[in-house]
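Here's a quick briefing to read alongside the structure. Take a look at the fold as a whole before zooming in on single residues.

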Amino acid sequence: MVECGDTAVLVTATRSGGREGIDFLPLICDYEERLYAAGRIPGSFMRRESRPPERATLIARLIDRPMRPLFPSWLRDDLQVVATCMSLDERVPPDVLAVTGASLATLLAKIPFHGPMAAVRVGLLGDDFVLNPSYREIERSDLDLVVAGTPQGVIMVEAGANQLPEQDVIEAIDFGYEAVCELIKAQQALLKELGIEQVIPEPQAIDDTLPKFLEKECAKGIGEVLKQFKLTKAERDEQLDAIKGQVAEKIEGLKDDDAIKVAVSSNGKALGNSYKSLTKKLMRDQIVKDGKRVDGRNLDEVRPISAAAGVLPKRVHGSGLFQRGLTQVLSCATLGTPSDAQEMDDLNPSNEKTYLHHYNFPPYSTGETRPMRSPGRREIGHGALAERALIPVLPSKESFPYVLRVVSECLSSNGSTSMGSVCGSTLALMDAGVPLKAPVSGAAMGLIKEGSEVRILTDIQGIEDFLGDMDFKVAGTEKGITALQMDMKITGLEVKTVAEAINQARPARLHILEKMLEAIEKPREVLSPHAPRLLSFRIDPELIGTVIGPGGRTIKGITERTNTKIDIEDGGIVTIASHDGAAAEEAQRIIEGLTRRVSEGEVFSGAVTRVIPIGAFVEILPGKEGMIHISQLSEARVEKVEDVVRVGDQVTVRVREIDNRGRINLTLRGVPQAEEPAAAVSVVE
């Protein structure tokens with residue numbers, strides 16, 4: 001149980017026997033929310049928690065990413081880490097507690113583990129870094145950074161930033177890692193106090209007969225393929241598969257009692273795994289020794305880029321196509337009304353999202369076939385990363401009140417589709433006419449670490465991600481960083497190396513941004529004709545009830561009369577949506593008329609709307625009426641109201657009084673009548 005304030009997270013680690021045929025670590029990390037933690041009852045029909053909300057999935061990934069590299073490569077037992085938020089203090093987010101708790105639970109369970117590991121959150125308020133800021137501080141902060149680390153260094157970074165300079169982000173990571181080290185010491189002290197010895201993973205003895213055979217038979221051939229820089233990915237894969245097929249035939253021709261044939265026959269995946277390991281070693285050696293990558297690029301070179309905006313018909317409000325190498329992403333933007341905001345039924349105090357970013361990764365993007373189901377954790381995580389990268393540059397709700405949704409379709413994938421989504425989505429939003437504060441681009445950085453030799457790679461492709469040690473995504477504007485996500489395959493990295501990767505990413509981001517701006521220099525000035533038109537203005541919150549009316553009759557009448565859609569927030573912001581600009585303006589005039597405060601003595605011109613035996617009603621402002629009592633129709637005695645005014649007549653009236661119930665009493669006495677009275681004017685105070 002990890003507690004901070006009134007937030008409490010129970011974390012468990014379980015290990016069960018391995019299954020036959022498994023050649024990977026079957027680790028499951030789950031994060032469970034219980035709404036009783038915040039004193040709430042679930043809002044579903046069943047009134048119980050069901051499918052994890054998106055934020056819970058993201059926290060589960062936050063646990064998994066720093067944990068997975070710390071288990072020994074030979075471990076094949078089923079492992080499961082479950083974190084359950086059992087009490088929530090709305091000042092203390094539970095996610096970093098769950099990550100640190102996962103490390104401690106694993107150590108207590110005596111599972112082989114290269115820990116301890118811990119995580120903290122860092123905020124930036126003014127010029128000061130804040131450790132583990134509250135929810136409210138996060139909202140006001142220019143930085144929301146989670147850093148996880150081990151005694152060996154930083155192992156995971158997740159961040160959103162308000163266009164911060166690289167140096168500020170580097171200092172924040174260093175600040176956070178210092179706190180991580182303190183939490184690591186606390187875990188070690190607790191283990192000592194409990195008398196529990198950490199199980200240090202020992203390397204297992206490996207039969208190197210097959211690896212040595214493969215190195216002798218095909219290392220030269222693999223090396224030659226990796227040095228053919230002009231090969232496409234498909235051609236390279238085809239030649240590598242051909243070499244693998246040839247060595248497989250050679251092994252098949254060996255005697256049945258040969259040790260190599262026995263090793264391959266006893267384990268169907270032995271040849272594939274050993275061949276992959278050899279390819280990985282040769283590729284890494286080529287980068288470290290020759291400074292050349294499999295496609296011939298220098299270490300800091302970006303693949304060829306193309307970009308286009310408005311590639312789909314304007315039925316789609318905005319679209320952008322971004323391609324880097326063989327990675328191609330089509331992003332589509334949709335403008336919605338405030339009622340399209342997503343309501344969140346989870347433990348996070350923020351209960352509404354007005355910017356939604358969804359990421360799809362269909363099997364055809366990698367030339368594969370598989371069933372297409374609901375979005376998985378990877379799709380949710382990549383969508384959240386792109387969302388985080390773009391939120392800092394979105395316009396304010398007051399200046400652009402639309403709810404925005406962007407969908408990124410990965411059409412072809414060879415590394416860094418998440419950063420391709422950021423770039424494509426910037427193009428789509430600009431094409432949709434969203435007045436972004438600045439365009440955003442992103443690049444994925446990689447790492448090869450062999451002993452003391454370290455090589456940082458710019459814009460990694462699939463094979464470099466698959467066989468490398470790091471996937472570090474950096475997104476931002478010309479001014480600074482808006483999002484980071486770093487995952488490691490080794491047990492830690494020094495802060496100075498992380499800093500080098502961040503700094504090396506900047507020229508790459510700016511180069512990509514330059515290519516994007518060639519496609520669309522600035523946001524469109526005109527929205528798609530199929531996008532809703534929104535008017536947004538503010539009224540006195542005390543008069544919201546006046547606009548809504550008894551049982552909602554008033555606002556319903558306005559929407560029916562003008563054929564618009566109207567949303568009113570608690571703070572008094574009114575948003576009117578319509579495909580007809582004139583209709584939206586008419587609805588605005590009516591609401592402003594309803595909420596304008598009328599003073600005694602003011603003069604208005606308006607139409608008579610109703611006549612009753614004791615007087616007549618006049619619409620002095622759109623949607624607002626006052627009554628002229630029969631005694632106020634004329635200086636002389638009036639026997640019948642219709643003798644002076646009838647429905648539809650235009651009259652000029654003065655406000656005689658406003659009674660204690662807010663009713664407006666008018667008079668015609670002493671008010672000169674214009675031959676052609678001016679239309680009623682609505683003015684917002």
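What follows covers the overall build, then two residues up close.

This is a predicted model, so keep that in mind throughout. The protein has 685 residues and is more spread out than a compact globule, since its radius of gyration of 33 Å is well over the 26 Å from the globule rule. On the secondary structure side, you get 15 helices and 27 strands.

**Overall build**

- Measure along the principal axes and the C-alpha trace of the protein spans about 125 × 60 × 45 Å.
- Of the 685 residues, 51% are buried.
- Take the contacts between residues at least 6 apart in sequence: 72% of these join residues at least 24 apart.

**Surface and charge**

- About 32,500 Å² of the protein is exposed, and carbon and sulfur atoms supply 50% of that area.
- There are 82 positive and 100 negative charges in the protein, and the mean positions of the two sets are 2 Å apart.

**Thr150**

- You'll find Thr150 in strand 7, which covers residues 143-150.
- Thr150 counts as buried because its relative accessible area is 0%, and the cut-off for buried is under 20%.
- The Thr150 side chain reaches the backbone oxygen of Thr491, at a distance of 2.5 Å.
- Thr491 also turns up in the contact list of Thr150, which leaves aside neighbours within four places in sequence.
- Others in that list for Thr150 include Leu70, His114, Pro116 and Met117, along with Ile155, Tyr177, Ile184 and Gly492.

**Lys565**

- Lys565 sits in strand 21, made up of residues 565-568.
- With a relative accessible area of 38%, Lys565 is partly exposed, because that value falls between the 20% and 50% cut-offs.
- Setting aside residues up to four places away in sequence, Lys565 touches Thr337, Ser339, Thr575, Ile576 and Ala577.
- One of those partners, Thr337, makes a side-chain to side-chain polar contact with Lys565 at 3.4 Å.
- Val92 is 473 residues from Lys565 along the chain, and the C-alpha atoms of the two are separated by 38 Å.

**To recap**

- Thr150 is buried, whereas Lys565 is partly exposed.
- Each has a side-chain link worth a look: Thr150 to the backbone oxygen of Thr491, and Lys565 to the side chain of Thr337.

Notes: Residues are numbered from 1 along each chain as its sequence is written. This is a predicted model: local features need pLDDT of at least 70, side-chain atom pairs count only at pLDDT 80 or more; totals for chains, interfaces and linings use all residues. Side-chain values use heavy atoms; hydrogens and water are left out. Helices (H or I, at least four residues) and strands (E, at least two) are DSSP runs, numbered from the N terminus. Buried means under 20% relative accessible area, exposed over 50%, partly exposed in between (1.4 Å probe, protein chains only). A polar contact is a pair of N or O atoms within 3.5 Å; within protein, one must be able to donate a hydrogen and the other to accept it, and residues adjacent in sequence count only if both atoms are side-chain atoms. Contact means heavy atoms within 4.5 Å. The radius of gyration is taken over C-alpha atoms; the globule rule is 2.2 Å times the number of residues to the power 0.38. Accessible areas come from the Shrake-Rupley method with a 1.4 Å probe; for residues, only the protein chains shown count as cover. Lys and Arg count as positive and Asp and Glu as negative; His and the chain ends are not counted. The place of a charge is taken as NZ of Lys, CZ of Arg, CG of Asp or CD of Glu.
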